[in-house]
Amino acid sequence: MIRRPLRRLLTASLGALLAVAATTAPARADARLVGDVTEYRLTTPDSYPAGITAGPDRAVWIAESGVNRIARVTSGGAVTEYPLPTADSFPQGITRGPDRALWFTEGFADKIGRITTTGRITEFPLPGTGRFPTGIAVGGDRALWFTEPGTHAIGRMTPDGRVTEYPLPTPDGDPYYIAPAPDGSVWFTEPFGGKIGRISTTGRITEYPLGGSSTFPTGIAAGPGGMWFTASGLNAVGRITPRGDIKLFPVPVADYQVYDITRGPDGHMWYAVQSGRIGRISGSGTITEYEVPGGADKVPFNITTGPDRNIWFTELLASAVGRVQALPGRGTPAAHPAPTGHPQRPLQAPAGHRPLHFVPGRGRFQR
């Protein structure tokens, strides 16, 4: 199914996943109940959409890691794609910048990219090779902060391209995703180190262990009471306070594939489960999950709140994006939440299934 090699990207395990045909359900114009899912196929096949963010132009923007493009999708599903100047750069993380442009990471190229809403692209090289920038976010200082799992560091870039790098205290920390906190600091996950990290705007780093390297924290976002994160190794969503106190909330289905998280327009946290569900968790820990049709073959990956006040997510193996109704439609009652601990439509995951991560030092996606 792969049109061209992504360097050393794919292992036999990913090849086995790709052998399963990924199909996308037709878009549903009548999505009004909370939890209803609408899906839109991207223009280019085998695009492996990864990062997703809301733009300043009432569209969502996506990093297409497999075809070296940035895509723009309107709330009605119209898709525009922009090829990147650097070949095989592997874009992954993307965020709205402080300048109304979109900023993204280029892992294989060791660059940070910028694209305007009209499609004009600028690339900023990092000061060295092997950094593999992955997650990216805007900090309280209006600079771009990004993870460098290849060199186990956090990077900071000003909008004019000046870079400062801060090595992690933990060797082989592999920082992955990153998000700003209300106090101006930036928090990040260390999947293979089993830690949540915090870095101040002056570069001071604090790390909080989750209990071992098998916890695999990945997504992170600010929410009620602190920073919320996913921990697939614990099959849980967690919350960490500014003081470092951690509380875990197990997700209903024990398939160990909870992956990314964002704050929704309803004030709750929403998360993506790679085996085919989108979940919602309240500040008190009440969980409701919604099934993505055929989602186990599509792999819901990254998730964000869109400019239309719905939840949007990428489908890594389906070359598509999905949208979940986050608020009740006008004149239509909301879906009744499932009891805590039970999804609305329980799924049975294959034994031994684990989330898909990209491992930069190993040059591949890995479960």
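In this predicted model, four strands line up as an open sheet in the order β18-β19-β20-β21, and their pairing is antiparallel. The edges of this sheet are β18 (217–223) and β21 (246–250), each of which has a pairing partner on one side only. Going from one strand to the next, the twist averages 25°. At the β21 end, the antiparallel pairing with β20 (residues 236–240) runs over 5 bridges. Within that ladder, A236 sits opposite P250 of β21. As a general reminder, strands of a sheet pair through backbone hydrogen bonds, in either a parallel or an antiparallel sense.

On to the aromatics: searching the whole structure turns up 14 aromatic pairs. One of them joins F108 and F132, with ring centres 5.5 Å apart; the planes meet at 75°, and since the cut-off for edge-to-face is over 60 degrees, that is how the pair is classed. This contact ties together distant parts of the chain, 24 residues apart: F108 belongs to the loop between β7 (102–106) and β8 (111–115), while F132 belongs to the loop between β9 (121–125) and β10 (136–138). Both partners fall under the 20% limit for burial, F108 with a relative accessibility of 14% and F132 with 5%.

A stacked example comes from W270 and Y290, whose ring centres are 6.0 Å apart. Their planes lie at 15°, which is under the 30 degrees required for stacking, so the label follows directly. Here, too, distant parts of the chain are linked, this time from strand to strand: W270 is in β23 (residues 269–273) and Y290 is in β25 (residues 287–291), 20 residues apart. W270 and Y290 are both buried. Elsewhere, ring pairs connect Y176, Y177, Y259 and F301 into a cluster.

Next comes the empty space. The largest pocket has a volume of about 690 Å³. It is lined by 27 residues, and those closest to its centre are T53, I94, T95, I136 and T304. Several strands contribute two or more residues to this lining, namely β2, β6, β10, β14 (178–180), β18, β22 (258–263) and β26 (300–305). The β18 in that list is also an edge strand of the open sheet described above. The largest share of the lining comes from β6, with 5 residues. By residue class, the lining of the largest pocket splits into 15 nonpolar, 9 polar and 3 charged.

Finally, a couple of backbone oddities. Most residues other than glycine have a negative phi. Against that background, R58 has a phi near 60°, a positive value in a residue that is not glycine. R58 is found in the loop between β2 (49–54) and β3 (59–64). With a relative accessibility of 56%, R58 counts as exposed, because the threshold is over 50%. F90 likewise has a positive phi, about 60°, without being a glycine. This residue is part of the loop between β5 (79–83) and β6 (91–96), and β6 is the strand that gives the pocket lining its largest share. F90 has a relative accessible area of 2%, so F90 is buried. The two positive-phi residues thus fall into opposite classes of accessibility, R58 being exposed and F90 buried.

Technical notes. Residues numbered from 1 in each chain as written. Predicted model: local features only at pLDDT ≥ 70, side-chain atom pairs only at ≥ 80, totals over all residues. Heavy atoms only, no water. Buried < 20%, exposed > 50% of the residue type's maximum accessible area, 1.4 Å probe, protein only. Pairing = 2+ DSSP bridges. Axes fitted to C-alpha atoms, helices over the stretch in contact; angles between N-to-C directions. Phe/Tyr/Trp six-rings, centres within 6.5 Å; stacked < 30°, edge-to-face > 60°. 1 Å grid on protein atoms, 1.4 Å probe; cavity = no way out; pocket = protein on both sides within 12 Å on 5 of 7 lines; lining within 4 Å. Points joined across faces, edges and corners; volume = space filled by probe spheres on them. Nonpolar A, V, L, I, M, F, W, Y, C, P; charged D, E, K, R; others polar.
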